[in-house]
Structures are given as C-alpha cells and as structure tokens.
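Here is a friendly tour of a few local details that are easy to miss on a first look. Please keep the viewer open as you read.

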Amino acid sequence: MATTITAPAQPVTEYAGGTLAREQVSLWRDGWRRLRRNKLALVAVVYLAVLAVIAVVAFFWTPYKPNAIGICDTYAPPTGAHPFGCDELGRDSLSRLMVGTQVSLAEGLGTAIIVLVVGVTVGLIAGYFRGAVDAVISLIINIFYGIPALLVALVLVVLLGQGLLNIMIAISATIWMDMARLVRGQALSLREREYIEAARASGAKSGKILFGHIFPNAMGPIIVQATFVIPVAILTGAFLSFLGLGVPPPQADWGGMASEGVAAIRLVTHIVAFPSLALSLTLLAFNFFGDGLRDAFDPRQKR
Amino acid sequence: MTRGTLIYIGQRVLLIVVTLLVVSFGVFAAVHSLPGNSFISEHLHGAALQAVLHQYGLDRPIPVQYWDFLKGAIHGDLGNSFVIQGEAITPLVLRELSVSMELGGAALIITIGIGMLFGVVAAMRQNTWVDYVLTTIAVIGYSVPSFVLASLGILLFALALPDWTFSLFGTAIGYPLRWQGTYGDIVQLSLPAIALGFYTSGQVTRITRAAMLDVVQQDFIRTARAKGLRSRVVTIRHALRNAMVPVTSILGPLIVSIIAGSVVIENIFGIPGLGKEFVRSITSHDYNVTVGVFTIYALLIGIANLGVDLLYTVIDPRIRY
C-alpha cells in the first residue's frame, strides 16, 4: 500500500562499467536536482533569501526609526546618509523599505498558508465525496469566480478592519478558488486508484484517506500552486495599500510608499521608484521561482 | 441552436441570477453592518440622527431593507446616494460603466493583441533567443504591478518630455496630466489602457505559446505543409485558429482581472469610471453606491463569461453543450 510519495531510497546500482541503472531518488530530491539546473530560478531563490534576511534584520535594526518624522528634509534626494532619500514627512526611505519587506513577505506567506489550509480541505472534501457536497462547493467556487477579486478584498478589509491578519484573510477570500479547484480535480482522479480502494476496504476513516493518502499524493501540484499564490497575494496587498486600505499608517509598506510616491511624482521620482522596484523584483522572483518549481516537480505540464 | 445549447444557456443564466442574489445580499449585509455611516459627519445627534436614518429607511432590519433594494433593482432602480444628495445611482453607475468599458475594452484589445502576437512568435521561434526574450517579457508583464507601469508611463510621456514637444506635436506626444472630459481621447486613453492591458498580456502570451506548440505537432499541420501551403498560411489559418480555443478559455478570467486592475488605474489617472466610484463610495460610506457598483460588476462578468462560452462554439464547432 503506497501511502507516501517518497520511494524507498536504494543504493546506486553500480557495475564495473559505471552506473547502469538510474539512481532511484525521492520526488523531492529529483525536483531539487531539476530546480538547480534552472539558473533564473536559482537567482530568484538567492534574491528571496536576501529579502528574508532583510526582513528579519529589520525587526532588530534599521538605520533610522522607520516612523520617525523629520529626520531629514522633505523629499530629500538620495545621499550617503540616506541612500534611498526621504519621503514627504522627512522619514528615511531605506528604513521604511526594510520594514516594508516584512509586510509584503508576511502578506504573501500568510495568505499562502490560509489558502493552503482552506483550499486543500474544501477541494479534498468536494472531490472525494462528490454528489451534493461537491455541487454546493462548486457553486460557491463559481460565485467567487464571478466577482472581481480586488473589490471583494476591499469590502472585506473595510468590514474586518485594516489589520495585517485581516488583510491576509481578505486576500485569501479572493484567491482560494484556484487551489480548491486544483485539489478537487486531484481528489476526483486519485480516489479511483487501487490503493485508495484498499484503504477503504481495510476500514480507514474518510479523514485518514483524505489527509493520509490523497493529500500526500497530490502534494507536487499543490506546492506549485501555493507558490503562485504568494506573488498574487503580495500584488493584491500592494493594491490595497495603494488605494489606502492596506496596513494602517504609520506602518511602512511598499504599496503605500508607492502610492505616496505617485502623489509626489511631479516633484520627485525617487519616492515612487524604490518601492516600485522592490515590489516588481520581488514579484518577478516569486514568479520565476514558481515557474522553476513547476518545471521541476510537474514536468508533464507544458508551459 | 440545439436543445442542449438552450438548456446550457438556461443553466448559466440561472447561475448568474444566483450569483447576483448571493453577491448583492452579501455586500448589502456586509456594508450595512459596518459601524458608522455617511451621516455621522453631519453632526447629527439623537432624535435628529434617528429622523434622518428613518427618512432613508436605515432604521429597519437588514432583510427588510434588502428586500426593498431588490424590488427597486429588478425595476432598474438602485436607489439614491447618501453622500451626493438626491443623486440617483442607476444613471450615475451606467455613465461610469460606459467610461470603464471604454478603458477596459481598449485594455482587452491591447492584452489580446500583444499576448497573441508574442505567443505566436515565441512558439514559431521556440528555444531561440526570441522565445526567451518574449517569454521573459510575459513574466515581467504579470510581475510588475500596474501602478508601477502607470507611473513609469507618466514619468516618460508626461514629465520627462520637455515642454516644446507640446507646442511642436500638439498633444500627440505630450501626455496631459489631468484627465479631461468624461471619456477622454485616444491619446489620454493610451497610457492607462497599456498599463492595464500589459499585466494580463503575459498570461495570453503563455497560453498562446503553449497552445501553438501543441497544435503544430499535430498531423493536420504536417498534411497542410505537405500540400505545399506557405508557412504563413499554415501558421495563421491552421495553427492559430486551433490555438485560439485555449486562449478563449482564459478570456473570462482575463476580463475579471482587467476589471480589478481598472480600480487602481482609474484612481491613478483620475478617470471617472466605476472603479474610482467604488473606492470613493467605500471610503465615504456611501454604501448604496457600493452595493450598486458591485451588483453591476457581477452582472457584467456573468454576461461576459456566458458570451465567452458561446464564443467557443463559434471558434471550435466540435464543442457542443
């Protein structure tokens, strides 16, 4: 009974003439091997690692206090002391960009976790039980597809309040459907496999079959989908901040900083430039990383 | 039209109606349960506030209020604005809808145009530098937020170009910073439409490229080539037509994401469309307008998705419902 995707690790079959059979490796190691060959994805991983370090460092140290007003002149251009210049209230942009990293990463990862939990649970239930349960869940998914994501997020943020967790919940509510639909499809096909039948015959409970047998076997596509949730969540979060409904001020975040920059675009350009650049690079990195992951773990899927 | 098609359309219309009911009630209940309303700013207290709330019917239970809204909505009356005194919402929203549709339509044309062109060229030059450049542009497309592209455009065309370009070329090059008129002109529309359309064009590029690569391997393409047809004819008449089916499949989500993107773009460029109205209504507690705009959007998307599904049968006669 195959319960997990990891194949038993076997020694390399070596003969005098060299390696004859291909070494049997787990899905994970095989995926990692393929990912390593993708230069663009590797660069993205390095960039994201640096970003994570910056986010952690910003908890303990920033060059100036990110919310301290009047440290330098209003709209002061980049100088040695303030390499990214200063904003409208004379706050140090570098410090605020560093703190903004935390917000963007938290929005991306937090939303991905919520979407993972909700989407996987709902999708497994719909795909495994089928029938009326599936019909209701599919109807809900279709209704959510029928309304523009950003509007739902805006209403939810207003309803729940502008906290970071609330923003994650609001963003999740707009993008959980893809995950649910993917997992539903996986569950629909996996439930017909022999090992699931065997598990059912041996008296395993539904919960055990769903999370112990179907979920692990659908892990590859689920992880790939989850990595694509991250950039979409960061983007939606930036849009919310840009429209003034993101994390409440004075908390620095990239979308809000870009919004302040656009307001001042006729006077100075560095205020809009740096948060925009940071956002764009981060989203690019997550997308390249996600593409690399998909090619590595899901080689059958065409680009 | 076969009987199956009619049944299918009937089901889809039913889904649209259910969606409209659920969405409008959800938003209605949500915004009316919010603390605070648009009358707080008028320094009304006690009995006076109660009188105003009573005048607008806001002191009644939410299901009753929703029932009233529904009765009006069926007759095309979405009620009155709380903030703009005596302004009826239906004509307001319809005018703004036409502005948004102008912008969204232009963005959709740009998205499909750029996306399919890039996708076809990338597929024809698979694994060459042309392919890599175009697919990278596609990833950049959906990685760069639309407001970044918008500000880049403003910097380039409205601010960086010196003043004399205005006098030399008129407004053909110099981009006006403030939106003029209700609908703007083609020059004004160009920048927001490109900023809006570029984001989604990346998805179209990928789908088109993948679909083209899939199609050109099939037998009928080899047959067409063997018949001695010119390569361009094979590409456009045989391959592209079949590659359009997957592209059509993302047309619905494409329209939804263009609508979402227009909320941001309209606010940057000051375009008086539905997206700008929505943000205004929600930040100024003008909740009747919020519900109205939301309902219109849901209706629009429902109709667009139905249209896309019917378009399938035109592009690919093998598809039947």
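The report below covers a disulfide, a helix and some backbone details.

Please bear in mind that this is a predicted model.

**The disulfide**

Let us begin with the cysteines. Counting over all chains, the structure holds one disulfide. Its partners are A:Cys72 and A:Cys86, with an S to S distance of 1.7 Å. A:Cys72 and A:Cys86 both lie in the loop between α2 (39-60) and α3 (93-129) of chain A, so the pair ties together parts that are 14 residues apart in sequence. Which hand does the disulfide have? The torsion about the S-S bond of A:Cys72 and A:Cys86 is about -115°, so the disulfide is left-handed. As for exposure, A:Cys72 is buried at a relative accessible area of 15%, and A:Cys86 counts as buried too, at 1%.

**Helix α2 of chain A**

Now move to the helix that comes before this loop in chain A. With 22 residues, α2(A) reaches 33 Å from its first C-alpha to its last, which is close to the 32 Å expected at 1.5 Å a residue. Which of its residues are buried? In α2(A) they are A:Ala41, A:Ala44, A:Leu48, A:Leu51, A:Ala55 and A:Ala58. Because these residues cover an arc of only 95° around the axis, they sit on the same side of α2(A). The face turned away from that buried side carries exposed residues, namely A:Lys39, A:Val43, A:Val46, A:Val53 and A:Phe60. At the start of α2(A), a side-chain oxygen of A:Asn38 comes to within 3.3 Å of the backbone nitrogen of A:Leu40.

**Backbone details**

Most residues other than glycine have a negative phi, and most peptide bonds are trans. Against that background, two residues and one peptide bond deserve a look. The residues are listed here with their places.

| Residue | Phi | Place |
|---|---|---|
| A:Tyr75 | near 60° | loop between α2 and α3 of chain A |
| B:Asn127 | about 60° | loop between α4 (89-124) and α5 (129-143) of chain B |

Neither A:Tyr75 nor B:Asn127 is a glycine. The loop that holds A:Tyr75 runs between α2 and α3 of chain A, and the disulfide cysteines A:Cys72 and A:Cys86 lie in the loop between α2 and α3 as well. B:Asn127 is partly exposed, with a relative accessible area of 49%.

Finally, the peptide bond joining A:Pro249 and A:Pro250 is cis, with omega about 10°. A:Pro250 belongs to the loop between α9 (219-242) and α10 (254-263) of chain A.

Terms used. Residues are numbered from 1 along each chain as its sequence is written. Chains are lettered from A and ligands numbered from 1 in the order in which they are written. This is a predicted model: local features need pLDDT of at least 70, side-chain atom pairs count only at pLDDT 80 or more; totals for chains, interfaces and linings use all residues. Side-chain values use heavy atoms; hydrogens and water are left out. A disulfide is a pair of cysteine sulfur atoms within 2.5 Å. Helices (H or I, at least four residues) and strands (E, at least two) are DSSP runs, numbered from the N terminus. Buried means under 20% relative accessible area, exposed over 50%, partly exposed in between (1.4 Å probe, protein chains only). The expected span of a helix is 1.5 Å times one less than its number of residues. The arc is that of the directions from the helix axis to the C-beta atoms. A polar contact is a pair of N or O atoms within 3.5 Å; within protein, one must be able to donate a hydrogen and the other to accept it, and residues adjacent in sequence count only if both atoms are side-chain atoms.
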